[in-house]
Each structure stands twice: as C-alpha cells, then as structure tokens.
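Work through the two exercises below with the sequence and the model side by side, trying each task before reading its solution.

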Amino acid sequence: MYPIDILLNEHKLVDRDFAIIEKVRDKLQDEEEIPAPVFWKLVEFIRGYADVIHHSKEEDILFETLREHDTDLPTEVDRNIAVLIEEHIEALDIANEMHKHIRAYHRGASEGRKKILKAVTDYLKIMQPHFKMEEDEVFPAMVKMLSDEEKRKMKADFDRFDKILGGKDVHKRYTTIVEELEKEF
Ligand SMILES: [Fe+2]
Ligand SMILES: [Fe+2]
C-alpha cells in the first residue's frame, strides 16, 4: 500500500463520521434528543482518530517531507499546507468546545444545545472542504513530487506513528466506534 492509500483510507473512515455528524446536526436543528454517548463518541473519534492518528501523519510526516523535499515548493502547495495546519488546530478546538457543552446539553440548558449545534456545524464547514483540498491538490502533489524511496520511508513512518500514538489495532478500535454510531442513526 502506498502512503497516499493510507491517508485516503483514513479519509474514508472520517467521511463516515462526517455523515453521522450531519445527522446529529439535523436532529439538533429539529430539537430532537441525542443520547449522551453519541456526543462522547464523536468527541473521542475527532480527537483520538481524526486529530492524533490522521492529522499527525499529515503534519509531522507528509507536510514536513514535502517541505524538506523541495525548499522551493510551489507557492500554491505551500500556502495550502499552511491553511490545512491552521484548520487541524481549529477542528481540535471545536471538538474541545463540544466536549465542554455536553453536560450542559444533558442538563437541558438550551445554551448547551446551541453551542453543540454551532460546534458540529462549524466542524463540517471547515473539515469537508479541507478533505477536498487535500484530495484534489495536496495528495496529488505528493504523488508527483516524491521518489519511490521517499514514499517507502513515508509508509514506514506512518506505520510507526500508528504504533506509537494509537497502539495495537488502532484502526479497528476507531472503526468500531464509527460502526456503533452508525447503528444509532
Ligand atoms: Fe488534514
Ligand atoms: Fe486529511
């Protein structure tokens, strides 16, 4: 498997999470009740998988390699990378924001509902176009620019990150969370 396939596979799992978040957003808008574990699982997935497992590979390995590979990186790619890193930070901030308001939501405070609705809406608004930019522009740049040797090294670094940051069966664990969430809706 090439490094781009690893990133695209991770995108597929996060895309499934986006679909769940869209449903949560719609239900919140319709003032329907959402069980507490749904919010906890969403926050856990966004922080533990989307951020720690996926974004770390992009920031610490892919983007670094692209920048090191070519100090004269096309301005467009370099600018996109800066935007993507900023959006990773925003996505994590939003998940933390969501975490903060779950208890208020379950106490029945309308403020809690509004804050969570804003968090999930903002998350989708940032992260769906983010994925599109990566898939349409940054990942193809990687395929074009890097040598086979660099790709092999990147793949090994990705595997190492999974082991260090996620531990055994990390992808299986988070796939199970997504499957559980899908069953809720
Ligand atoms: Fe990203
Ligand atoms: Fe990504």
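Helices here are DSSP runs (H or I, at least four residues), as strands are (E, at least two), and they are numbered from the N terminus. This is a predicted model, in which local features need pLDDT of at least 70 and side-chain atom pairs count only at pLDDT 80 or more, while totals for chains, interfaces and linings use all residues. Residues are numbered from 1 along each chain as its sequence is written, and chains are lettered from A and ligands numbered from 1 in the order in which they are written.

**Exercise 1.** Follow H3 along its length and past its end.

Solution. Begin with the span: H3 has 32 residues and reaches 47 Å from its first C-alpha to its last, close to the 46 Å expected at 1.5 Å a residue, the expected span being 1.5 Å times one less than the number of residues. Next, locate the kink of about 30°, which is centred on Lys100; the bend is the angle between axes fitted to the seven residues ending at a residue and the seven starting there. Finally, step just beyond H3 to Gly108, where phi is positive, at about 95°.

**Exercise 2.** Which residues of H3 are buried, and what covers them?

Solution. Count a residue as buried if 20 or more other C-beta atoms, placed from the backbone, lie within 10 Å of its own (exposed if 12 or fewer, partly exposed in between). By this rule the buried residues of H3 are Ile81, Leu84, Ala91, Ile94, Ala95, Met98, His101, Ile102 and Tyr105. Their cover includes H2 and H4, where contact requires C-beta atoms, placed from the backbone, within 7 Å. Tyr123, for its part, touches Ile21, Ala91 and Ile94, not counting residues up to four places away in sequence.

Methods. Two residues are in contact if their C-beta atoms, placed from the backbone, lie within 7 Å.
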